[in-house]
Amino acid sequence: MLMGLVNAFLGDHSILPEHPATEQYVPMGLYTAYPYSRGSIHIRFPDVDVPARFDAGFLNHPADLKKQVWAYKKSRDIYRRTQAYQGEFEMGHPKFKEGSRAALSTGSVLQRGDRRVCRR
């Protein structure tokens, strides 16, 4: 898995809370370097004006989805251990059951003294 970090909020800024501590965001993008899923493109007619049938094939194979879930949890666990971490913005995160180490949290793992690794 490849993980990319960006120092910006990639979305509508009007939905952000107005608080000095939440002025900086670090979204993470996760990418499978060698996916099992395959897409396809098929020309349906000789007429060039008829669009081809296109399937990107993203996450068609169960192994790719499993890798993405693992990478999502692992990337959050890694970033939670940094001194820059101040909590998570709820929008865009899945809901995990109460008490799960993958559930949303505030404050860094270092601040809480929690050294556990986020596992499935």
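## Burial and overall fold

A residue counts as buried when its relative accessible area is under 20%, and as partly exposed when the value lies between that limit and 50%. Aspartate 77, at 6% relative accessibility, is therefore buried. The structure described here is a predicted model.

The protein chain has two helices and four strands. Along the sequence these elements follow the pattern β-β-β-β-α-α. The chain has 120 residues, and 23% of them are buried. For contacts between residues at least 6 apart in sequence, 49% join residues at least 24 apart.

## Confidence

The mean pLDDT of the protein chain is 79, with 83% of its residues at 70 or more. Confidence is highest in strand β3, residues 40-42, at 94. Helix α2 has the lowest confidence, at a mean of 48.

Two stretches have a pLDDT below 50: residues 109-113 and residues 115-120. Beyond near neighbours in sequence, residues 109-113 have 13 contacts in the model. For residues 115-120, the number of such contacts is 17.

## Surface

The protein chain exposes about 9300 Å², and carbon and sulfur atoms supply 57% of this area. Met3, Leu5, Val26 and Ile78 form a nonpolar patch on the surface. Together, these four residues have about 320 Å² of accessible area.

One member of the patch, leucine 5, lies in strand β1, which covers residues 2-5. Leucine 5 has a relative accessible area of 46%, so this residue is partly exposed. Patch residues must have over 30% relative accessible area, and the 46% of leucine 5 satisfies that condition.

## Salt bridges

A search of the whole structure finds two salt bridges. In one, the side chains of lysine 67 and aspartate 64 meet at 3.4 Å, N to O. Both residues are in helix α1, which runs over residues 62-80. Lysine 67 and aspartate 64 are three residues apart in that helix, so about one helical turn separates them. Aspartate 64 is buried, at 3% relative accessibility, whereas lysine 67 is partly exposed, at 24%.

The other salt bridge joins the side chains of arginine 81 and aspartate 77, at 3.5 Å, N to O. Arginine 81 has a relative accessibility of 22% and counts as partly exposed. Aspartate 77, its partner, is buried at 6%. The distances of 3.4 Å and 3.5 Å both meet the cut-off for a salt bridge, which is within 4 Å.

## Aromatic pairs

A pair of aromatic rings is described by the distance of the centres and the angle of the planes. The model has three aromatic pairs. One of them is the stacked pair of tyrosine 72 and phenylalanine 96, at 6.3 Å centre to centre and 20° between the planes. Tyrosine 72 lies in helix α1, while phenylalanine 96 lies in the loop between α1 and α2 (109-112), so the pair ties together parts that are 24 residues apart in sequence. Phenylalanine 96 is partly exposed, with a relative accessible area of 25%.

Tyrosine 79 and tyrosine 85 also form an aromatic pair, with 6.3 Å centre to centre. The planes of these two rings are 75° apart, and the pair is edge-to-face. An angle over 60 degrees places a pair in that class. Both tyrosine 79 and tyrosine 85 are buried.

Conventions:
Residues numbered from 1 in each chain as written. Predicted model: local features only at pLDDT ≥ 70, side-chain atom pairs only at ≥ 80, totals over all residues. Heavy atoms only, no water. Buried < 20%, exposed > 50% of the residue type's maximum accessible area, 1.4 Å probe, protein only. Contact = heavy atoms within 4.5 Å. Areas by Shrake-Rupley, 256 points an atom, 1.4 Å probe, with all protein chains shown as cover. Patch = residues over 30% accessible without salt bridge, like charges linked within 9 Å, V, L, I, M, F, W, Y side chains within 5 Å. Phe/Tyr/Trp six-rings, centres within 6.5 Å; stacked < 30°, edge-to-face > 60°. pLDDT = per-residue confidence, 0-100.
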